[in-house]
Amino acid sequence: MNQKYEHYYVPEQSPWPIIGAVALFFIAVGAALTVMDMGKEGGNGVYLLYVGIAVLLYMLFSWFKNVIHESDQGLYSAQMDRSFRQGMSWFIFSEVMFFMAFFGALFYARMFSVPWLGGADNNAMTNEVLWPTFESMWPLLNTPGGTTTQAMGWQGLPLINTLILLASSVTLHFAHVAMENNKRTLLKVCLGATILLGVCFLGLQVEEYIYAYNDLNLTLDAGIYGNTFFLLTGFHGMHVTLGTIILLVVFLRIMKGHFTKDKHFAFQAAAWYWHFVDVVWLCLFVFVYVL
């Protein structure tokens, strides 16, 4: 009795993972050197950062191209589709853990470190070794160097960006419904609107950073509050950028007639990632801006 086995495509060795790792290394080193070179002349860290970003974009689009080509050739089976779903699920789970680490640092600083430094829980002598203007409060606006900063309020740009991301989740949901009902025109309009909303979010975040640096004196070296603020919002901005790029690639594929109402996992994966980014921002808005 002959038993029929499902075809499972095994791709050739790919250079893109190692190229992506090199790009991330350049970005990490370049970002660190850029921060260290702030206020100095002749720093080269920013150039290494730009090289890393360029290499990363090259890797992303090249890898996308390979996967799209393999899919168009019909090389993927149902098992491969399940593998993609599992891989994307684990990737998003790893991203959840990534942000949990930073939220954990924020929680520890607010709930334990700062109160302890202020003398709470039998640490009455701690305050004597700190700078004279230290106050046990959050946000911690005075630094050992004598710098005074201001907290970023939740009104204005942060609130607008929150509404923008919420609106983008709605337009993306309607795009998904349009995909499942084979309404290609509505799909293009809603997905295009989602991408535009993502770009608007990034533009307003840049404006928010300029305002923080110039008007609030809120910088990366403005103590633990400045550190946690820019790390959390900055890494989230990087994820919004990546999500926007993924949605743009999906949009271009839709314009070329790719996907059907039954086979569109690339679109689903992009939607999962975008909704995850939106949920992270809601947590950021509550714990970083409001509370």
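**Figure 1. Residues 272-290 in the predicted model.** In this predicted model, the stretch from 272 to 290 is 100% helix and 0% strand. Its end C-alpha atoms are separated by 26 Å. An unreviewed UniProt entry lists residues 272-290 among the spans it annotates as "transmembrane region".

**Figure 2. Residues 16-35, another span carrying the UniProt annotation**. Residues 16-35 are 100% helix and 0% strand, with 28 Å between the end C-alpha atoms. The same unreviewed entry also places the feature "transmembrane region" at further spans, including 47-68, 89-109 and 224-252.

**Figure 3. Contact of helix H3 with helix H7.** Helix H3 comprises residues 78-117 and helix H7 residues 265-290. Their axes come within 11 Å and cross at roughly 10 degrees. Because angles under 35 degrees count as roughly parallel, H3 is classed as roughly parallel to H7. The contact of H3 with H7 contains 18 nonpolar, 2 polar and 4 charged residues.

**Figure 4. The largest cavity and its lining residues**. The structure holds 1 cavity of 30 Å³ or more, and the space in the largest cavity amounts to about 30 Å³. Its lining is formed by Leu-106, Arg-110, Trp-138, Tyr-225, Thr-228, Phe-287 and Val-288. By class, 5 of these lining residues are nonpolar, 1 is polar and 1 is charged.

**Figure 5. Helices that contribute to the cavity lining**. Helices H3, H6 and H7 each supply at least two residues of the lining of the largest cavity. Helix H6 spans 223-255. H3 and H7, which contribute to this lining, are also the pair whose axes come within 11 Å.

Definitions and conventions: Residues are numbered from 1 along each chain as its sequence is written. This is a predicted model: local features need pLDDT of at least 70, side-chain atom pairs count only at pLDDT 80 or more; totals for chains, interfaces and linings use all residues. Side-chain values use heavy atoms; hydrogens and water are left out. Axes are lines fitted to C-alpha atoms, for helices over the stretch in contact, and angles run from 0 to 180 degrees between N-to-C directions. Helices (H or I, at least four residues) and strands (E, at least two) are DSSP runs, numbered from the N terminus. Angles under 35 degrees count as roughly parallel, over 145 as roughly antiparallel, 65 to 115 as roughly perpendicular and the rest as oblique. Ala, Val, Leu, Ile, Met, Phe, Trp, Tyr, Cys and Pro count as nonpolar, Asp, Glu, Lys and Arg as charged, and the others, Gly among them, as polar. UniProt positions are given in the numbering used here, feature names are shortened, and annotations may be inferred rather than shown by experiment. On a 1 Å grid over the protein atoms alone, a cavity is a set of points where a 1.4 Å probe fits but cannot get out, and a pocket is an open set with protein on both sides within 12 Å along at least five of seven lines; lining residues have an atom within 4 Å of a point. Grid points are joined across faces, edges and corners, and a volume is the space filled by probe spheres set on the points.
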